[in-house]
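Reader: Could you walk me through this model, with the rules behind each value spelled out? I would like to know where to trust it and how its parts pack.

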Amino acid sequence: MEINRDKLSPMMQHYLMTKDEYPDCILFYRLGDFYEMFFDDALTVSRELELTLTGKDCGMEERAPMCGVPFHAAETYINRLIEKGYKAAICEQVEDPRQAKGMVKREVVRVVTPGTTLNTQALDETKNNYIMSLVYIDEIFGIAVADVTTGDCFLTEVNKSRKLLDEINKFSPAEIICNEPFYMCGIDIQDMRNRLGITVYSLDNWYFDDELCRRALLEHFRVKTLEGLGLKDYDCGVIAAGALFQYLTETQKTSLSHMTTITPYITDCFMLIDSSSRRNLELVETLREKQKRGSLLWVLDKTKTAMGARMLRSFVEQPLIEEESINRRLDAIEELNEKAISREEIREYLGPVYDLERLVSRVSYQSANPRDLIAFKSSLQMLPYIRQLLGEFSCGELVSVREEMDDLQDLFQLIDRAIMEEPPLAMKEGGIIKEGYNEEVDKFRRAKTEGKSMLAELETKERESTGIKNLKVKYNKVFGYYLEVTNSFLSMVPDSYTRKQTLTNAERFITPELKELEDTILGAEDKLFALEYELFTQVRETIAKEVLRIQKTAKAIARLDVFSSLSVVAQRNQYIRPKINTKGVVDIKGGRHPVVEKMISNDMFIPNDTYLDNNKNRVSVITGPNMAGKSTYMRQTALIVLMAQVGCFVPAKEANIGIVDRIFTRVGASDDLASGQSTFMVEMTEVANILRNATPKSLLILDEIGRGTSTFDGLSIAWAVIEHISNPKLLGAKTLFATHYHELTELEGKLSGVNNYCIAVKEKGDDIVFLRKIVKGGADKSYGIQVAKLAGVPETVIERAKELVEELSDADITSAVKEIAADSALTRGSRKKAQVTYDQMELDQISLLDTVQDNDILEELKNIDVGNLTPIDALNTIYRLQTKLKNRW
């Protein structure tokens, strides 16, 4: 919109000057009791929030588009804009309008963005609200992550875009800021915006200047060298963190004093779980509904505090890979189980504990109100009792929690002395400071109280002296105190009364005595309110100076809350302590799916065993009908391993868990329509990621590989994948491989480390019953028709399917596969000699080859390089040779 600024009023000129400083923000401009938006901002807000668009005369020929919201309800409107990805600049009146000479002074006091909102009503208290800074320099990604509501800050570097995506999925930031080169690194920015709902935008180049970034960190953390922060080896990460702190300082307009530490970490210190596996295993939300209920976190989270809930989520998102650290957590849970009465008492005391991390952030931002401090006080009241109970425990983690927990009784006593038990929400209208805390406050309060008594006396005296029975002393903010007389008694009003206002049915008057009394009362009230607010801010500043103590205590409380929650869950659900080993053995007896067993109401979940190692039991090929429980079984194995490495007890009778460095899953088929990828393309992309990034220490969960394409292609791919995974020279990872290609059961005994398992099924005529039990051996058929019958497919279709099955028997492909398996085994010197049981068809084919005199066919057979033959080439070769023989005989 073209605007001639010369014609605008001074206020509108100031508005546009301020808007020029924040062109990418919606400017909330304070005018009295409203925040107003003008011009393009007004059009945007009116459209996005469905508010009425009005106009304002500002010196132009046309009225300027305008829309506004009441200042007391602004947070709600701002939050709705933030959720839509906008940024809002809050321009406040920074001087008292009553004392202003000319136009009231206004300044932007804060910029609210998706990653920096402090509105507790808009935020999930059980989840961090992260902002992430990314830089891409010389093939390296620098990553810095912060939560301004808690003060948490982390930094790292990765060298692959896949690892970067894993970090983005782990933290799920609301907002990403980046340098311009990041747009050229190959990451799908639009996908992050659309599918993940992350606001992404680049900053100017100067934010990422090496020297500026280093200086920003050194000045904020008040250290002389980066070595003092442990950041010596993070050149790229330092730039990301420096840019982030410059951006936060610029938008938040505060010192960020609650951000006291920055924690560097190496991604390899935690189990790697890629984004696909996080979704498939439903760690913190369900795959389809994106709800917490039905996820692993839903089962484990019985925390009492918001801090504990956030920490538990981070535990689940980042399982450990160091044996000692895992066992320290398990020791804590075991001791809490043993002392369940003390644990329950601790949980009782944890219940009233407020979100100390987010409170101290609001204190730092100077936005905490008196009621926040009372909630803080009630939290501190619990700490001595919790520390006393912790004295009963002796394991390392719980002793550490007690040592790190400060009871903060000096702050408790300060608030207890200073702040009223039930203060008002408004901070500048008095009623905050307790009697006895400050002599001046008590003096003004007495003057105010005595003045009101004197008003009552004056009212009585005037009634008696004038004879006006209904005369009343009243007050409003415009006229102050006055005497009100109804029209029926106006003739009795004395001449000494001065008329102040005329109403329809009454007149209002003032007297010199009432005026003098008004000055005394209102003067005392104004001074009282100002002094109370000043004293409140002093208390708040005292608390702000203790931010380090409060944050350390908050983290200790969170850890205790997490361990107590995991202990409660373990006892309620009959979980056991897993043994942890570094030999690569995963031995689970009577394992159960932690979520599915909670969703089944009749307690009929069937436990199953799992045994995987790095030698003869690397790959388990699992066959059985759909709906029989293959996916549940495989997921439960992955979840039990993950839970053990989180450091919690697991749903099993016994468990000996070999630490895995990463878990990969390829479960289910789903089109990625948003990015235009088919089921098979998504499947192959995930398989490629697994084969390229898995290690011999990884755990792979692969479900129905190859079903998105034709039978021959799918079988060939599944076969080749198993060959690759099972070969220690290529990968050799522990794998559960579910398949509907029964031909793959031929690989047991042919490929080292491959074993067959199936889901037990009981047949009753044409009907089947799923026993949900994993047993040794391979299934000989898929029971597809029986499953279709169970699903309610019409009987006519079922009968026709039976007829077609007989006609489309897959005997030929089965026999061909057996021959490939035999040939493959014979060419692999490192494996056992194949022991094949030939059926009659195969014996006929062998005798036929023995007697044939066609040297060209024999010669071709001799010259085939079986070792380099792919499964599909082998099938085609056998088919061609067999056709030749059939044509000649």
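What follows is a short exchange about confidence, sheets, helices and charged side chains.

Reader: Happy to start with the ground rules: what share of residues scores at least 70 in pLDDT?

Author: This is a predicted model in which local features need pLDDT of at least 70 and side-chain atom pairs count only at pLDDT 80 or more, while totals for chains, interfaces and linings use all residues. Residues are numbered from 1 along each chain as its sequence is written, and side-chain values use heavy atoms, with hydrogens and water left out. pLDDT is the predictor's confidence in each residue, from 0 to 100. The chain averages 85, and the share scoring at least 70 is 87%.

Reader: Thanks! Over which residues does pLDDT stay under 50 with 28 contacts beyond four places in sequence?

Author: Where pLDDT is low, the predicted coordinates should not be read in detail. One stretch under 50 is 670–676, for which the model has seven contacts beyond four places in sequence, a contact being heavy atoms within 4.5 Å. The stretch with 28 such contacts is residues 826–853.

Reader: On to the sheets: in the open sheet of four strands, which are the edge strands?

Author: Helices (H or I, at least four residues) and strands (E, at least two) are DSSP runs numbered from the N terminus, and two strands pair if DSSP finds at least two bridges between them. The four strands are ordered 14-15-17-16 with antiparallel pairing. Those that pair on one side only are strand 14 (472–476) and strand 16 (498–502).

Reader: How many bridges join strand 14 and strand 15, and which residue stands opposite N476?

Author: Strands of a sheet pair through backbone hydrogen bonds, either parallel or antiparallel. Here strand 14 and strand 15 (residues 480–486) are antiparallel, and the number of bridges between them is five. Opposite N476, in strand 15, stands G480.

Reader: Which helix lies across strand 14, strand 15 and strand 17?

Author: For angles, axes are lines fitted to C-alpha atoms, for helices over the stretch in contact, and values run from 0 to 180 degrees between N-to-C directions. Helix 18 (residues 439–466) lies across strand 14 and strand 15, at about 135° to strand 14. Lying across strand 14, strand 15 and strand 17 (506–510), at about 140° to strand 15, is helix 19 (residues 512–544).

Reader: And in the open sheet of six strands, why is one side of strand 11 and of strand 12 left without a neighbour?

Author: The six strands have the order 11-10-7-8-9-12, with mixed pairing. Strand 11 (199–202) and strand 12 (263–264) stand at the edges, so one side of each has no neighbour in the sheet: each has a single partner strand.

Reader: Within that sheet, how many bridges join strand 8 to strand 9?

Author: These two strands run antiparallel. I143 stands opposite T156 in strand 9. The number of bridges joining strand 8 to strand 9 is seven.

Reader: Is helix 13 mostly covered or open, and how many of its residues are buried?

Author: Buried means under 20% relative accessible area, exposed over 50%, and partly exposed in between (1.4 Å probe, protein chains only). The buried residues of helix 13 pack against strand 8 (140–147), strand 9 (152–158), helix 10, helix 14 (370–380), helix 19 and helix 20 (547–572). Helix 13 is mostly covered, and its count of buried residues is nine of nine.

Reader: Now the charges: which residue meets R310 in a salt bridge at 2.7 Å?

Author: A salt bridge is a side-chain nitrogen of Lys or Arg within 4 Å of a carboxyl oxygen of Asp or Glu, and the count comes to 45. This one links helix 10 (residues 306–317) to helix 13 (residues 356–364), 47 residues apart. R310 counts as buried because its relative accessibility is 3%, and its partner, at 4%, is buried too. That partner is E357.

Reader: Last one: which side chain of opposite charge is nearest to R313?

Author: Lys and Arg count as positive and Asp and Glu as negative, with His and the chain ends not counted. R313 lies in helix 10 and, leaving aside neighbours within four places in sequence, is in contact with T126, K127, V284 and L297. R313 is buried yet has no salt bridge; the nearest side chain of opposite charge, 4.6 Å away, is E317.
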